[in-house]
Amino acid sequence: MAELTDVQNQTLRDEIEEYLERPEEIERFVALFTGARPRLQEIAAAIIEGDDDAVDGLTAQALEEGIEAIEIMDDGLIGGMGIVGIKFRENFVFVPEVLSCARAMRAGMAHIEPILSASGVEKHGTVIMGTVKGDLHDIGKNLCIMMLRGSGFEVIDLGVDVAEDTFIDAVEDSGAKVLGMSALLTTTMPNMGRTIEAFIDADLRDEVQIMVGGAPVTQEFSDDMGADGYGADALSCVAVAKELIAAAKAA
Amino acid sequence: MTSMTSRERVLAALNGQPVDRTPICNPTSVATVELMDLVDAPFPDANRQAEPMARLAATAHTILGFDTVMPVFSIIQESSALGCKMQWEGKDNWPTVRMSEPIWEHADDIYVPNDLVDHPDTKCVLDAIKLLREDLGPDVAIIGKTMGPWSLAYHCFGVEKFLLLSLDDPDATKDILEKLKKVTIDFGRAQIEAGVDALTLPDHATGDLVSGEYYHRYLKDLHIEFAKAIPIPLILHICGRTVDRMGFISETGMAAFHYDSKNAPGESMQEVEGRIALVGNINNPETLFAKTPDDVKAEVYANLDAGVQMIGPECAIPLQTSIANLRAIPEAVHDWHARH
């Protein structure tokens, strides 16, 4: 089994040692980075540091060196954001730092996305995302969308202040099997429940798996509203989306 | 102890003096669609015209039984006066600022007019305060609201852009806050002249977005300045997890901190160590909106058992919250005091 000392990149070793506590996460990231090429470890480290210029340059370099785009994305970009997600969950960093890292990831994805789109790589599925009616906040939603796209999902972004009918129309038009709703205000959270009820009234509730998230949203609230899944942050949003896509396919 | 008027009770609690019973306060909105219908004061009119604003605000005392009334239901009156692009919405949705279309990009863009308080969307607040005092008399506490510079920066620069700037350029961030504090002070002072007894000062450096260290770095000194510059009890409001910054908040000289249900009453009281009063923290989306009056009462009791000085919802309530659940708050306070 790989050990922390086998991770070549010093920054990554320090990050894993200082910020990761759950044994399964330490094991996962040690395995990931010991198996990752040095250039991709550099990219992951630059993501964690929020250095968008470095990620931009290193990603271009990695492509020039012949490394596959999907490998760069998985091991470098998403690998780095994985550490960021854990630090955010454990309150070592907050939204400004996450935004900085997301900006760095976008710099890398600017090189990667065109290549992946052109290659016709099959997507995991389509997710519709939107912030509920009355709420114009979109930081969390946009972070989720970035991670979902990076993880191989097609995402339809409905934006902010999305009415129930707009969510319904988007599901009907696209055939998407997963819908994600975000809210940042306790005053707008009830609109998640109203949207779910609207799907029931439209006889569409069984056609779509619904996940919710946002700073004030909790698992309890998600359960009470009748959602199928709850994501506490952008990384868990991806995990939940994968579960829900699998559930939708099995149904 | 002699029975106090609502106003005496609230002011005593804010000044750290003995009270005959714990005040029931709304530093933030308790407006609901039900209440709007009862007094014919729907949004958006109640956010933009003094008479429906006062009518709706009065229901906090006349119908719900709170010791306070607070006419500023939204957090955007000043942003409208600054020129932000607004979405006033209808009866069952909150008005909001289109933060995706920010009006400023750099600190040098900031312009705070000297006649900010004469803008229709700020003047209506001042007029509503005067109407409330006329209609309710001297015995009810009127709380106004003046937005802090961090929240104003979100509205004027966009949340994401401002948060990134706070990391990329701390000096520019401080410059922005310094320039925007004029809004907080001018609007606050104007409301004092209009007749408020206290002011809620929302400044959303919430733990869901930024660290406690950020509060200390960017806001604590400004809040100390506000406590000195605005001569009335100030109630700081910050949503979300805030235990990590309650120690700093306690040192600002503000009269009270309006705290969120993400922070346990006992832990919060320990953190502030009696240096600032607490107001709160009944959960909105899960309890007040979705559960029963008994669930509401349980949260009230938990706050009272912990010694929280003023009881109320944690933040502006969802517009579809029932009157029954809101009334459960004063019912529980009275019940608790009858038993203790």
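This tour moves through a predicted model, from the domains of chain A to its helices and sheet, and then to chain B.

**Stop 1: the two domains of chain A**

Select residues 9-119 of chain A and colour them as domain 1, then colour residues 126-250 as domain 2, following the domain assignment. The centres of these two domains, taken over C-alpha atoms, are 26 Å apart. In the contact, 14 residues belong to domain 1 of chain A and 10 residues to domain 2 of chain A.

Next, display helix 5 (69-89) and helix 6 (95-119) of chain A, each of which supplies at least two residues of the side of domain 1 that touches domain 2. Helix 5 of chain A provides the largest share of that side, 8 residues. Sorted by class, the side of domain 1 of chain A that touches domain 2 of chain A comprises 10 nonpolar, 2 polar and 2 charged residues.

**Stop 2: helix 5 and helix 2 of chain A**

Keep helix 5 of chain A on screen and add helix 2 (residues 23-34) of chain A. The two axes come within 11 Å and cross at roughly 155°, which makes helix 2 of chain A roughly antiparallel to helix 5 of chain A. The crossing in which helix 2 of chain A passes helix 5 of chain A is left-handed.

Show side chains for A:Glu25, A:Phe29, A:Leu32 and A:Phe33 in helix 2, which meet A:Asp75, A:Gly79, A:Gly82, A:Ile83 and A:Ile86 in helix 5. This contact of helix 2 with helix 5 of chain A divides into 5 nonpolar, 2 polar and 2 charged residues.

Then follow the chain into the loop between helix 5 and helix 6 of chain A, where A:Asn91 lies. Although A:Asn91 is not a glycine, its phi is positive, at about 65°.

**Stop 3: helix 3 and helix 4 of chain A**

Select residues 38-48 and 52-64 of chain A, which are helix 3 and helix 4; they pack at an angle of about 160°, with their axes 9 Å apart. Helix 3 and helix 4 of chain A are therefore roughly antiparallel to each other. Here too a crossing is to be examined: helix 3 of chain A passes helix 4 of chain A in a left-handed one.

From helix 3 of chain A, display A:Arg39, A:Leu40, A:Glu42, A:Ile43, A:Ala46 and A:Ile47; their partners in helix 4 of chain A are A:Ala54, A:Val55, A:Leu58, A:Thr59, A:Gln61 and A:Ala62. By class, this contact of helix 3 with helix 4 of chain A has 8 nonpolar, 2 polar and 2 charged residues.

**Stop 4: the sheet of chain A**

Turn now to the strands of chain A. They include an open sheet of 5 strands in the order 2-1-3-4-5, with parallel pairing. Strand 2 (154-157) and strand 5 (229-231) of chain A stand at the edges with a single partner strand each, so one side of each has no neighbour in the sheet. From one strand to the next, the twist averages 25°.

Within the sheet, select strand 1 (residues 126-131) and strand 3 (residues 178-182) of chain A, which run parallel and are joined by 5 bridges. A:Thr131 is found opposite A:Ser182 in strand 3 of chain A.

Add helix 7 (residues 139-150) of chain A, which lies across strand 1, strand 2, strand 3 and strand 4 (209-213) of chain A and runs at about 170° to strand 1. Then add helix 8 (residues 164-174) of chain A, which lies across strand 1, strand 2 and strand 3 and runs at about 165° to strand 1 of chain A.

**Stop 5: the contact between chain A and chain B**

Display both chains. Their contact takes 27 residues from chain B and 20 residues from chain A. On chain B, highlight helix 8 (159-168) and helix 13 (284-288), each of which supplies at least two residues of the side that touches chain A. Helix 8 of chain B gives the most to that side, with 6 residues. The side of chain B that touches chain A has, by class, 14 nonpolar, 8 polar and 5 charged residues.

**Stop 6: two cis peptide bonds in chain B**

Centre the view on B:Phe43 and B:Pro44, which are joined by a cis peptide bond with omega of about 0°. B:Pro44 lies in the loop between helix 2 (33-39) and helix 3 (45-48) of chain B.

Finally, move to B:Gly280 and B:Asn281, where the peptide bond is cis and omega is near -20°. B:Asn281 is located in strand 8 (residues 277-282) of chain B.

Methods: Residues numbered from 1 in each chain as written. Chains lettered and ligands numbered in written order. Predicted model: local features only at pLDDT ≥ 70, side-chain atom pairs only at ≥ 80, totals over all residues. Domains from an automatic or database assignment. Contact = placed C-beta atoms within 7 Å. Helix = DSSP H or I, 4+ residues; strand = E, 2+ residues; numbered from the N terminus. Nonpolar A, V, L, I, M, F, W, Y, C, P; charged D, E, K, R; others polar. Pairing = 2+ DSSP bridges. Axes fitted to C-alpha atoms, helices over the stretch in contact; angles between N-to-C directions. Parallel < 35°, antiparallel > 145°, perpendicular 65-115°, else oblique. Left-handed = near helix turned anticlockwise from the far one by under 90°.
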